[in-house]
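Student: Hi! Could we go through this structure together?
Tutor: Sure, here it is.
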Amino acid sequence: MAKIRSARVIVCSPGRNFVTLKIETEDGLTGLGDATLNGRELSVASYLTDHVIPCLIGRDAHQIEDIWQYLYRGAYWRRGPVTMSAIAAVDTALWDIKGKVAGLPVYQLLGGACREGVMVYGHANGATVEETVAEAMKYKAEGYKAIRLQSGVPGLASTYGVSKDKKFYEPADADLPTENVWSTPKYMRSVPELFAKAREALGWDVHLLHDVHHRLTPIEAGRLGKDLEPYRPFWLEDAVAAENQAGFRTIRQHTTTPLAVGEVFNTIWDAKQLIEEQLIDYIRMTVVHGGGITHLRRVASLADLNHVRTGCHGATDLSPVCMAAALHFDISVPNFGVQEYMLHTKETDKVFPHAYTFKDGMLHPGEAPGLGVEIDEDLAAKYPYRRAYLPVNRLEDGSMTNW
Ligand code: GCO
Ligand code: MG
């Protein structure tokens, strides 16, 4: 028995906002969980503080599955990003505690490593195709085995995935949402050229990926997938918004380009049809928005039965606590595919000292007991929360569309 004595939420903004849950047992052991929901941070903080933490006090921190079921079934109001991020934070913190009690890194409790490291993809981006390819060359020189390519689109003022400060990408850029303008025809013309030039410069020994960020219809996605086939992309990400899972059937009928989706999914139910009908190749849910390590393993098991591999979302708005949790999951799950790796700022890394390391295109979770991440609370207190929103998106005629 490791009785939960207290739990509290720490909100800080070392370069961007993060919400962190810290659970403490009566023996003084602590566990951390990431609860960050970009642009909606305080809703999860309140859900935890006002509704979850009072139910945790006195429970046995070792009963991870029971506490998960208690919070999921017990709320009556199930699913959704706020609820599932809160449950994820608790679940992650409890795995951290269990690892510390055992004196083992969490991946050992999940069955041990089944690979030497976790292949990650870096983010090459630029205003033009030339700039993006030059960035991709730098990633290749740093040892990356997989690189995502995002380039500015001629005729559009700004595009998702392209940042001024190339190595650091932060879309939540304003106190109120900025408005972007989007054109599918302009975009569709630009991507095949990007891949053609990238293959010419980088050769065929590196995986190339691309994120569409939910902006196409299924038939448009089928066309783009087909146009990219000659360049053998590793995956086409979030080609369409996936509320209507059957929409992916249309894409599948038209292209052999592998499909990845899931960064906005919260439970196995969001992916059930996509996985069972083998409409996707990679499921990109991650620990913080997908109900924690416990639930993600359930998703991975269903995926494994259906030839679907994992590809956890790993943008900067998932804190180092989530990244560590993802790495323990990645290294231990049989059907791992790839892990996204966007660099956090130096300020973030200082607030969250961590044991994970990068070498030769791979991340390793490290051997520290638990998750191997701590939070420097004094430093965190120097970076108070600042409201920041993700942008919204309109077509050229002013209609709202997906960002
Ligand atoms: C990615 C993502 C992100 C999201 C961000 C939203 O593939 O990394 O699309 O950059 O836009 O996580 O908060
Ligand atoms: Mg994405």
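Tutor: One term to begin with: a salt bridge is a side-chain nitrogen of Lys or Arg within 4 Å of a carboxyl oxygen of Asp or Glu. This is a predicted model, where local features need pLDDT of at least 70 and side-chain atom pairs count only at pLDDT 80 or more, while totals for chains, interfaces and linings use all residues. Residues are numbered from 1 along each chain as written, ligands are numbered from 1 and chains lettered from A in the order written, and side-chain values use heavy atoms, without hydrogens and water.

Student: Okay, what domains is the protein divided into?
Tutor: Domain 1 covers 4-106 and domain 2 covers 109-367; the bounds come from an automatic or database domain assignment. Taken over C-alpha atoms, their centres are 26 Å apart.

Student: And how many residues does the contact take from each?
Tutor: Domain 1 gives 34 residues and domain 2 gives 33, with contact meaning heavy atoms within 4.5 Å.

Student: How many salt bridges are there between domain 1 and domain 2?
Tutor: Three. Arg298 and Glu65 also meet through their side chains in a salt bridge, at 3.0 Å from N to O.

Student: Which elements supply the domain 1 side?
Tutor: β2 (18-25), β3 (30-34), α2 (64-74) and α3 (81-102) each supply at least two residues of the side that touches domain 2. The largest share, 11 residues, comes from α3. Helices (H or I, at least four residues) and strands (E, at least two) are DSSP runs, numbered from the N terminus.

Student: Where do Lys100 and Asp96 lie?
Tutor: Both are in helix α3, four residues apart, about one turn of the helix. Their side chains form a salt bridge (3.8 Å, N to O). For the total, the count by this rule comes to 25 salt bridges.

Student: Switching topic: what are the protein donors of the magnesium ion (ligand 2)?
Tutor: Asp211 (OD), Glu237 (OE) and Glu263 (OE), lying 2.0 to 2.3 Å from the ion. Donors are N, O and S atoms within 2.8 Å of the metal (3.2 Å for Na, K and Ca); water is not among the atoms, so sites may look incomplete.

Student: How are the donor residues spaced in sequence?
Tutor: The pattern is D-x25-E-x25-E. Glu237 sits in strand β8 (residues 235-237), and Glu263 in the loop between β9 (259-261) and α9 (272-276), 26 residues apart.
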